[in-house]
Structures are given as C-alpha cells and as structure tokens.
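Okay, thanks for coming, everyone. I'd like to walk you through a structure today, so let me put it up on the screen.

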Amino acid sequence: MGRIDIDGLTKEYRTPNGPIQAVESLDLQLEDGEFVVFVGPSGCGKSTTLRCIAGLETVTSGAIRFDGTAVTDEKPKDRDIAMVFQNYALYPHMTARENIAFGLKMSTDLSAAEIDDQVETAAEMMDIVDLLDDKPGDLSGGQQQRVALGRAVVRDPELFLMDEPLSNLDAKLRTQMRTELQQLQTELGVTTVYVTHDQTEAMTMGDRIVILNDGRLQQVGTPLECYHRPANQFVAGFIGSPPMNFLDVDADLEDGRLDHPDFTLPLSDSLADELDSTDLVLGIRPEHVSLTDTPETHPEPNRLIETDVTVTEPMGDITNVYLDVGGEAITVIVDGHVGVDPGGHLHMHVPASKMHLFDAESGRSIKHSDEPIDSSSLSEADSHVETA
Ligand code: ADP
C-alpha cells in the first residue's frame, strides 16, 4: 500500500450552534512514498482531513481508498497507519522502551525477543538507545518526540500521519528535527501526510504541499509551483515569508495601464486581452523588487514607483526594507551590504516578468511570475555564476 485516494471528502460537525463544515468536497491523490504536507491557517480543516484518513472521524460523505481499496468505514486499527501527534501522547508510567514496544505487543504476535530487537532498531534510528529505560517525565520535549517517532517507526506502517509533530519544540530543535524527519522518511519510503500551520515547514519538507483554507482545497503542488505559480491570492499570500506584497489596481484597457492612486504601470496587450475584469490586485514578492535612488538613469523608468522608507531590518545576509506607497506597506528584500536609511525617498522597480495579477473579486490568479519551477542541478546553477 502507499497510494491514497480521497474522493469528495466532506466532514460536517454538528454543534449546538449549528453545523460546521470542516472539510468540503476534497479530492486528492497521494502517491506511494510521497511526503505530503497539509498546510493552512488554524481551523482550515487540516487535522479533520488527517483524522478522516486515520479513521478517527466518520466522514459525512465521500470515500477514502488505500491502494484502490475503500477504507472509509474501516476502524483505525485495520488501516495499517501510525500517527504522531504534537503532544507526543506517550504513556507517562511506561519507560521509552515500553512505550515503543506497546503497539507491537498489542497488534502482533511477535516474541518478546523479536519485539526487543525491533525496539532497539527503531531506537538506533531515532538516536535514543541511551534513553530507553527513562520515563517520559525524565525526557526533554525533543527526546519525547523522538520516542513518539520511534513508536510510529517500529510499527512499520504503510502510512505515517503526523499532526504538528514539531510544534512543541523550540525553534532550533524544530529545524534540526525537520531535517531528521525528512531523512527518516526518505530512508523508509513510507507515504507520509504531515499537518502544519507553518508555511516554512511546508515549503522545506513536502514533496508536494496541499493548501487548505476554510475547509476547501486551494492548491496542490510542489513547493516551488505553489510559490511561483499560486492558484489564487490566498496561496500567494500564505506561502512565502515575508509574504507577497499586494496593491489594489484598476486596469485601463484602452491605454494599456494599471492604475493605482499613487502610480501607474504599463499593461501589455496580451495581458489586457486575458482580463475579464478591471478590478485587479497586483502582487510582487519582496525579493523581486529592486530599489534605486537614481530614477533618471534607470532603464525602465515607466516601471518605477515612488516610495518612502519607513523601517529597515538588517538580518546580516539580507535586509528587509519596509516602504510606504500611498499609505500602504510594502516589504522589499535587499542585499545585506546595501545601505538603506529609514526616512529615505527611493523608487522601487517592479519588473513585468516578476509581477503577479489576481482578480480582485475571486482572487483567481491571472498572471504569475516567470520564475522557473523545476529545480536546476548544482552544475547548471554553477554555469550561471560569472567567473572572473
Ligand atoms: P485545523 O487542523 O486546520 O486547525 P480542524 O480540522 O481542527 O482545523 O478544524 C476545522 C473546523 O472544524 C474548525 O472550524 C473547528 O472548530 C471545527 N472542528 C474541529 N473538530 C471539531 C469537533 N470535534 N466538533 C466541532 N467542530 C470541530
């Protein structure tokens, strides 16, 4: 097993205040061995979807199939899955060894020696051999999560379901565990669904990411697809940090312009032909804007917008520069060596090729940046580096 098909999954909770549609008509296919991250703001239906896949919730309608076989009505124990939760869910009175062995004792007829062997192997994999005789109360958060992962790994399941497993760890440990989890998943090759509200985790960990909002699917794609080809304004604003900048504009189709109260930008004929509406949102990523204090010599003066610098945030390698365009805040990332002073008056350049446009009413993407979405190999990247 390893392939998961979700067809028209809908989950409605009945509450005293009326029904809550937690997931609405979700269609999704997960391939064997994939690491798929469900991401979206709190309450968007990520955990509910995961719990439906696990069998911990009954679905209101729709079907879930594991390798073509419907499991929609099967109990969790019959689904060959292992779950890892944010709160570790370890038994406090058992040692790490007993916690890891518990599932095997309950669900297999392995001998005590065989169970011991498998627990040792899982513990080695998670680097917790020395902790096997400690109880959860004696372990740090990171160590407890390793035990919880060991307990999932030892089951040798067909599917891992992970619900915010790193949220209780401090930032440094989270980054470390992120890499370890990816390595573990690649090593084991087990299909994994990972739930997080953190777009950085989604971008860095997922083979593909599934973006949800308000119970509805927004986009499924590789991290780079979602970043550079967002299906709509929600995805564009959710994926990326600092987030994409948005400015409301009107398209003047006759004169081929995008109008904002404080600037105009040229609009190409081909793009104008694609528009159904003139109410648009211009989107531009912070790293795609450049700044200049000599607009008179700029090669594209008609793509410059006047701005005031409000705040700068030096990060070392880069500096986040916060600008004001007619009362609206815009974030730009510049090289850390570039000196930009708060209070300064600069022009920002918005390249046509990097600009995104969205329909203001539906949020649908009309144009995206031309950034490539296939990762190039290091040697290809090298060939772009100019040598002296
Ligand atoms: P997420 O994991 O994305 O934060 P959830 O799947 O937990 O979101 O919740 C989706 C929606 O369903 C939210 O509005 C939440 O309040 C509601 N919900 C979740 N579980 C229950 C429940 N057991 N009873 C009633 N409403 C619930």
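I'll go through the annotated domain, then the ligand, then the pockets.

Before anything else, keep in mind that this is a predicted model. As for annotation, an unreviewed UniProt entry lists residues 4–239 as "domain: ABC transporter". Over that stretch the chain is 36% helix and 28% strand, and the C-alpha atoms at its two ends sit 25 Å apart.

Now the ligand. Which residues are around it? Going along the chain, we have Tyr13, Thr15, Ile20 and Ala22, and then Pro41, Ser42, Gly43, Cys44, Gly45, Lys46, Ser47 and Thr48. If you sort that shell by class, you get five nonpolar residues, six polar ones and one charged one.

Let's look at some individual contacts. How far is a ligand oxygen from a polar backbone atom of Gly43? That one is 2.7 Å. On the side-chain side, Lys46 has an N or O atom 3.0 Å from an oxygen of the ligand. For Thr48, a side-chain N or O atom is 2.5 Å from a ligand oxygen. And how much of the ligand gets covered up? On its own it exposes 560 Å², and the protein buries 62% of that.

In terms of elements, β1 (4–15), β2 (18–30) and α1 (46–54) each give two or more residues to the shell. The largest share is from α1, with three residues.

Okay, on to the pockets. The largest pocket has a volume of about 660 Å³. There are 22 residues lining it, and the ones closest to its centre are Ile81, Ala82, Met83, Gly103 and Arg155. Which elements give two or more residues to that lining? Those are β6 (81–85), α2 (96–107) and α4 (141–154). Here α2 makes the largest contribution, six residues. By class, the lining of this pocket has 14 nonpolar residues, with four polar and four charged.

Then there's the second largest pocket, with about 160 Å³ of space. So where along the chain do we look for the residues that line it? Part of the lining is Leu291, Thr292 and Asp293, and the rest is Val334, Val338, Gly339, Val340, Asp341, Gly344 and Leu346. By class, that's five nonpolar, three polar and two charged residues.

That's the tour, so let's open it up for discussion.

Terms used. Residues numbered from 1 in each chain as written. Predicted model: local features only at pLDDT ≥ 70, side-chain atom pairs only at ≥ 80, totals over all residues. Heavy atoms only, no water. Near = heavy atom within 4 Å. Polar contact = N/O pair within 3.5 Å; in protein donor to acceptor, adjacent residues only side chain to side chain. Areas by Shrake-Rupley, 256 points an atom, 1.4 Å probe, with all protein chains shown as cover. Helix = DSSP H or I, 4+ residues; strand = E, 2+ residues; numbered from the N terminus. Nonpolar A, V, L, I, M, F, W, Y, C, P; charged D, E, K, R; others polar. UniProt positions renumbered as here; feature names shortened; annotations may be inferred. 1 Å grid on protein atoms, 1.4 Å probe; cavity = no way out; pocket = protein on both sides within 12 Å on 5 of 7 lines; lining within 4 Å. Points joined across faces, edges and corners; volume = space filled by probe spheres on them.
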